[in-house]
Amino acid sequence: MQYRDLGKTGKKASIIGFGAEYLDRKPYERVEEVINRVLEQGINMMDLFMPGSEVRRNIGQALGSRRKQIQIQGAIGSVDLKEQYDISRDLDTCKRYFESLLTDLGTDYIDFGMFFFMDTEEALRQIIDNGIVAYAQELKKQGVIHHIGATSHNAHVARQMVEMGLLETLMFSVNPAFDMNAGDVSIDGLMDSLEDRRLEGVSPERAALYLACEQRGVGITTMKTLGAGKLLSKATSPFKDALTVGQCIHYALTRPAIASVMLGYSTAAEVDEACRYLTLTDEEKDYGNVAHAAPGLMHGACVYCNHCQPCPVSINIASVNRYRDIARLDLANIPPSIVQHYNSLVAKGGECIACGSCEERCPFGVEIINNMADAAEIFGA
Ligand code: SF4
Ligand code: SF4
């Protein structure tokens, strides 16, 4: 397994994570099979939003004395009042379900307390006005949760939360098809657009969210990385070409700030299939075909895919572009960490000799030579 820093939390996250949803309503033996394989593979991130007691108890029992081997994202506001998944912004209801999560799991802490399904400004107002933010902050003070986060599918609302300083981590829906839709559509809209193949070009709002998270040290974990499986089939992929699981994972892991891709598993074999990503070659992970399949839609914006390498003067072009893009979010306040990262690159933008070979290789039509010069001007090297 490989591990990445989860923003500024001080925690390391396995790049392959685990969304536990598919364990819902499964017999205990199956839950144990999946949990065992997850831990054997070194996966240390689990998202557990399900409000039902039975699946939570099964997971707690399967973890047993191994609780500390996994970091749990637990939802604040996920309920099943009408015997189906629902969302509550009522403080007492949120408390009741969150406290029962601890009891069901048989633990006295949750690593990441996540405001659940934060897709609207109304939801943001409600968690503040109803005391749910204050509740999470109090839990953190008591050590019951270690960090505060949120789950969201809406780039506009997610960025608001990040800029307010509410979050230390964010779980966000990330895949190349979603990234080509407007940032403020709902999850239903995103899934609909996959079916209808209405791609609109790279969403500046979504790109800016990832950069803002990196800028502020908010680590992202992902959901919907395979587009509910639709990206894996030629018939349902909006790119007119099937992507592989490895390509989808790689796409997510090459966005700024992303630490862990949370995939759902209902068998041990599916855990192994996801972890096969760790053994793929660069060619197998390359997702350049999405650009060829959607000509024009992803034109001009760097997606940090590294397709342009090698550079004769050893510039890591994707990294230079990424630090430049983050700096351009707010040129007057470039985070010192970003300046430090840029300065520690082996070769900087200013060393570009304008040979142009990278631009020939870039499937996304990025004006790399101009970007290198721009980075040199911004960072002074
Ligand atoms: S410049 Fe092009 S090829 Fe290079 S990382 Fe960016 S998008 Fe990929
Ligand atoms: S144009 Fe500049 S960045 Fe691109 S390969 Fe040549 S030297 Fe490297």
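A crossover is right-handed if, with the strands pointing away from the viewer, the path from the first strand over the helix to the second runs clockwise. Keep that picture in mind for this tour of a predicted model.

**Stop 1: strand β4 and its neighbours**

Start by selecting β4, residues 45–48. Show the side chains: Met45 and Asp47 point one way, Met46 and Leu48 point the other way, and all are buried. Next, add β3, residues 16–19, which pairs with β4 in the parallel sense over 2 bridges. To line the two strands up, find Phe18, which stands opposite Met46. Now follow the chain from β3 through helix α1 (residues 28–40) to β4, and you will trace a right-handed β-α-β crossover.

Then bring in β5, residues 71–76. This strand and β4 pair in the parallel sense over 4 bridges, with Asp47 opposite Gln73. Select helix α2 (residues 53–63) as well, and you have a right-handed β-α-β unit made of β4, α2 and β5. Turn the view until the strands point away from you, and check the clockwise path for yourself.

**Stop 2: a loop residue**

Go back to the loop between α1 and β4 and pick Gln41. Is Gln41 buried, exposed or partly exposed? Because 18 other C-beta atoms lie within 10 Å, Gln41 counts as partly exposed; a buried residue would need 20 or more. Try a distance label here too: the C-alpha atoms of Gln41 and Ile16 are separated by 9.4 Å, although these residues are 25 apart along the chain.

**Stop 3: strand β9**

Select residues 145–152 for β9, a mostly covered strand with 7 of its 8 residues buried. On display with it should be β8 (residues 110–115), which pairs with β9 in the parallel sense over 5 bridges. Ile110 stands opposite Ile145 in this pairing. Another partner of β9 is β10 (residues 169–173), again parallel, over 4 bridges. Here, look for Ala150 opposite Leu170. From β9 the chain passes through helix α6, residues 155–163, to reach β10, and this β-α-β crossover is right-handed.

**Stop 4: the largest nonpolar core**

Leu170 comes up again here. The largest nonpolar core has 110 residues, and Leu170 is among those with the most contacts inside it, along with Ile59, Ile76, Met161 and Cys213. Colour helix α9 (residues 245–253) next, since this helix gives the most to the core, with 6 residues. Colouring by domain is useful too: the core draws at least three residues from each of domain 1 (3–291) and domain 2 (317–379).

**Stop 5: ligand 1**

Centre on ligand 1, which has 14 residues around it. Which come nearest? They are Cys302, Cys305, His307, Cys308 and Cys362. Helix α13, residues 317–329, makes up the largest share of this shell, with 3 residues. Colour the shell by class and you should find 11 nonpolar residues, 3 polar ones and no charged ones.

**Stop 6: ligand 2**

Finish at ligand 2, with 15 residues around it. Nearest are Cys311, Cys352, Ile353, Cys355 and Cys358. Helices α15 (357–361) and α16 (368–379) each supply at least two residues of the shell, and α16 gives the most, with 3. The class colours here show 13 nonpolar, 2 polar and no charged residues.

Note on methods. Residues numbered from 1 in each chain as written. Chains lettered and ligands numbered in written order. Predicted model: local features only at pLDDT ≥ 70, side-chain atom pairs only at ≥ 80, totals over all residues. Near = placed C-beta within 6 Å. Nonpolar A, V, L, I, M, F, W, Y, C, P; charged D, E, K, R; others polar. Buried ≥ 20, exposed ≤ 12 C-beta atoms within 10 Å, placed from the backbone. Pairing = 2+ DSSP bridges. Core = buried A, V, L, I, M, F, W, Y, C linked by C-beta atoms within 7 Å. Domains from an automatic or database assignment.
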